[in-house]
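Colleague: Please choose a single part of this model and take me through it slowly, explaining each term as you meet it, since I am new to reading structures.

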Amino acid sequence: MKNVWIGLATVKQKKNVYILGRHVKGGFVNALALAKNSKDFSIQIKKALEELGLTMLKLEESEPFAARIANYKVEKILVTKAKEVEETGNVRFGTFDIYKE
């Protein structure tokens with residue numbers, strides 16, 4: 001059975017890709033996906049980021065979304081995005097926090 005998972009992805013932009021901005025080296029983002037386990041979650045997030053022209057450097061704090069909201073206060077927008085993931089099966093991202101070169 002698949003559940004909504006959440007994790008914090010560290011990313012960098014590929015050469016000549018400016019989705020995060022022109023002089024941006026990379027960033028961090030909460031990522032959500034419908035997954036069977038942590039490995040499945042990581043594969044889905046990596047693929048979705050690649051489609052945006054981003055390389056995933058690492059994925060941390062991955063856990064089922066239900067576990068996250070049971071133990072921590074979660075931003076309202078992430079709750080909304082988790083519902084979207086559940087309804088559509090599509091990967092969703094929170095706000096990208098960027099860092100420059």
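Modeller: Helices (H or I, at least four residues) and strands (E, at least two) are DSSP runs, numbered from the N terminus, and strand β5, residues 97-100, is where lysine 100 is found. The model is predicted, and local features need pLDDT of at least 70, side-chain atom pairs count only at pLDDT 80 or more, and totals for chains, interfaces and linings use all residues. Residues are numbered from 1 along each chain as its sequence is written, and side-chain values use heavy atoms, with hydrogens and water left out.

The part I have chosen is helix α3, which runs over residues 76-88 and has 13 residues. From its first C-alpha to its last α3 reaches 19 Å, close to the 18 Å expected at 1.5 Å a residue (that is, 1.5 Å times one less than the number of residues). Leu78, Lys81, Ala82 and Val85 of this helix are buried, where buried means under 20% relative accessible area, exposed over 50%, and partly exposed in between, with a 1.4 Å probe and protein chains only. These four cover an arc of only 105° around the axis, taken from the directions from the helix axis to the C-beta atoms, so they lie on the same side of α3. On the other side of α3, Lys76, Glu86 and Glu87 are exposed.

The buried residues of α3 pack against β1 (3-13), β2 (24-35), α2 (65-71) and β4 (92-93), contact being heavy atoms within 4.5 Å.

To place the helix in its setting, we can turn to the cores. A nonpolar core is a set of buried Ala, Val, Leu, Ile, Met, Phe, Trp, Tyr and Cys residues joined through side-chain atoms within 4.5 Å. The largest one has 16 residues, and Ala9, Val11, Phe41, Ile45, Leu49 and Phe93 have the most contacts inside it. The elements giving two or more residues to this core are β1, β2, α1 (38-51) and β3 (54-64), and β2 supplies the largest share, 5 residues. Apart from this core lies another, of 9 residues, among them Leu32, Val74, Leu78 and Val85; Leu78 and Val85 are the residues already met on the buried side of α3.

After α3 comes glycine 89, whose phi is positive, near 80°. This brings us back to lysine 100, which is 11 residues from glycine 89 in sequence and 32 Å from that glycine in space, C-alpha to C-alpha. Lysine 100 counts as exposed because its relative accessibility is 58%, and, leaving aside neighbours within four places in sequence, lysine 100 is in contact with His23, Val24 and Lys25.
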